[in-house]
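Work through the following exercises with the coordinates at hand, and attempt each task before reading the solution beneath it.

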Amino acid sequence: MRHPGRWLAVAVLAVLAAMLVNTILTNDGFRWPVVGEYLFSGPVLNGLRNTLVLTVLSMAIGIVGGIGLAVMRLSPNPVLSSVSAVYIWLFRGTPLIAQLLFWNFLAALYPRLALGIPFGPEFISFDTNQLINQFAACLLGLGLNEAAYMAEIVRGGLQSVDDGQTEAAGALGMSRSQTLRRIVLPQAMRVIIPPTGNETISMLKTTSLVVVIGYFELLTSVQRIYSTNFQTIPLLIVAAAWYLALTSLLSIGQGFVERHYGRGTSRGPTGSRLFSRAPEQGTATG
Amino acid sequence: MTTPMVEAVQVHKSFGRVEVLRGIDLTVMPGEVACVIGPSGSGKSTFLRCINHLERIDAGAMRVDGELIGYREAGGRLHELRESEVARQRRDIGMVFQRFNLFPHKTAAENVMEAPRTVRREPRRAARERAMALLDRVGLSDKYDSYPAQLSGGQQQRVAIARALAMQPRLMLFDEPTSALDPELVGEVLDVMRGLAGEGMTMVVVTHEMGFAREVGDTLVFMDEGRIVEAGQPRDVLGNPQHERTQAFLSKVL
């Protein structure tokens, strides 16, 4: 045998896998019929819908806000740059749960919110509790917090693009915003997307924190069910199955997006050459 | 009297405490090719980058076709132009970089179309047709849809020249356009530049290619330590340098 160590490892893993399959099938504690009963039940699907809506909207706020904050952070204007730095410091430096509670109880601080001229007359004013309901507080908490993390991810991406690109675009007479949109951001995307995929998958599960302000999503729905029927393990399996399904979908989607922004790079996804078995020979450069 | 295409008057530039340009005077007339040579660190690339305001000058004046670049004069003082006005001035000045700086996520044709499409709002079809004509002109008829990574260095630099020409510039700046190329690829890029000069394009070329400077250049400028040491007809400067620093430099490179 040429690789005795490798064969030994394979054998050990095969035995462990067999034991795992065996226990999953034979241990009655898993209660697979209960899992099947609840997988597509109304409350679970309701929670799933909220998880999806919160994830999509929070990530949208996070990505758009993150791009804005990153551009501000890199601005030559010291005021814009510092405002962005303070925002990132504040929102990354305080617990998300505290931020969610803060938005939910904003009315305690400001009972009414108004639009008007600063220090001057007001045009319209709102009751804070009506304007920021539970759902809006969830979005503010999750989205604004995410924007701070996304800002650093986007900044890293923008800084990874060679300065020569900005100079070439500038020399052609393109404006700063045209250069950002058409030249720098599309190239930065290759660096931005993998960690954004991480953030999205993480957000999927972080949405369960909204329970602290009384809102509900997938995990909360499942907890409510097992707190009455005590089928804890089967219901956690229900939640886990849905999370895994969504994560799989996201990973597939991420693959497509990465391929789109990988145009023009002979290397493909970062690192694929480093870890491929037989490196391609003789690409047409130089 | 015709307006000079480039008119630099006592141009000064410092990076921090290092003075890179110490009073450059240079006039390039329309249709002329001016070649700038000199040791590295002599400020020649920096000077070139001042012509289209990629670097802001600290003192003096830079005019292109009679228009002050990067600044406007008001009440006897110079005020830096807004970014959009600088962008407008740059449209008429093409630039080719040492390291090509092609947009790697766009094909050769898309690289050439980019500025006409975004800056001039040209319709896609017209921009594409003109891009293809320009790529034909630099000898890349079969590479319209190749990405930069699929092209050789010489081919990339020719795409970069086509990209600069797409904005129909009055002036072309070349920043050591062949310095990053393998020796056997230098010729194809110089051929394109030679053709451009033959058609009457005004060009300022920072280069180490003495043969090109001698053959194509109308003026040769030797720079050292932020000053123009010697300037004149290439034949004279190369064949009979007056200044000892020019002699020392040329004895090393020729």
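**Exercise 1.** In this predicted model, determine where Lys13(B) is placed, and establish which side chain of opposite charge is nearest to Lys13(B).

*Solution.* Begin with the secondary structure, where Lys13(B) falls within strand β1 (residues 6-15) of chain B. Next, take the burial and the charge partners together: Lys13(B) is buried, yet has no salt bridge. The nearest side chain of opposite charge belongs to Glu55(B), at 4.1 Å, whereas a salt bridge requires a nitrogen-to-oxygen distance within 4 Å. Finally, list the surroundings: once neighbours within four places in sequence are left aside, the contacts of Lys13(B) include Val18(B), Glu19(B), Thr46(B), Glu55(B), Arg56(B) and Asp58(B).

**Exercise 2.** Classify the ring pair of Phe40(A) and Trp242(A), and state which parts of chain A this pair ties together.

*Solution.* A pair of aromatic rings is described by the distance of the centres and the angle of the planes. The structure holds seven aromatic pairs over all chains. For Phe40(A) and Trp242(A), the centres are 5.6 Å apart and the planes stand at 90°, so the pair is edge-to-face. Because Phe40(A) lies in the loop between α2 (32-39) and α3 (42-73), and Trp242(A) in helix α12 (residues 232-261), the pair ties together parts of chain A that are 202 residues apart in sequence. As for accessibility, Phe40(A) counts as exposed at 58%, while Trp242(A), at 17%, counts as buried.

**Exercise 3.** Apply the same procedure to Phe102(A) and Trp103(A), then locate the charged ends that sit over the rings of Phe256(A) and Phe103(B).

*Solution.* The ring centres of Phe102(A) and Trp103(A) are 5.3 Å apart with the planes at 80°, so this pair too is edge-to-face. Phe102(A) has a relative accessibility of 41% and counts as partly exposed, whereas Trp103(A), at 18%, counts as buried. Turning to the charges, Arg259(A) places its charged end over the ring of Phe256(A), 5.4 Å from the ring centre, and in chain B the charged end of Arg163(B) sits over Phe103(B), 4.5 Å from the centre of that ring.

**Exercise 4.** Identify the residues that touch the most other members of the largest nonpolar core, and find which helix gives the most to this core.

*Solution.* The largest nonpolar core has 50 residues, of which Leu135(B), Ile161(B), Met172(B), Phe174(B), Met193(B) and Met203(B) touch the most other members. Helix α6 (residues 183-198) of chain B gives the most to this core, namely eight residues. A second, separate core has 41 residues, among them Leu172(A), Val11(B), Ile51(B) and Ala115(B).

Conventions. Residues are numbered from 1 along each chain as its sequence is written. Chains are lettered from A and ligands numbered from 1 in the order in which they are written. This is a predicted model: local features need pLDDT of at least 70, side-chain atom pairs count only at pLDDT 80 or more; totals for chains, interfaces and linings use all residues. Side-chain values use heavy atoms; hydrogens and water are left out. Rings of Phe, Tyr and Trp (its six-membered ring) pair if their centres lie within 6.5 Å; planes under 30 degrees apart count as stacked, over 60 as edge-to-face and the rest as tilted. Helices (H or I, at least four residues) and strands (E, at least two) are DSSP runs, numbered from the N terminus. Buried means under 20% relative accessible area, exposed over 50%, partly exposed in between (1.4 Å probe, protein chains only). A charge sits over a ring if NZ of Lys or CZ of Arg is within 6 Å of the ring centre and within 35 degrees of the ring normal. Lys and Arg count as positive and Asp and Glu as negative; His and the chain ends are not counted. Contact means heavy atoms within 4.5 Å. A nonpolar core is a set of buried Ala, Val, Leu, Ile, Met, Phe, Trp, Tyr and Cys residues joined through side-chain atoms within 4.5 Å.
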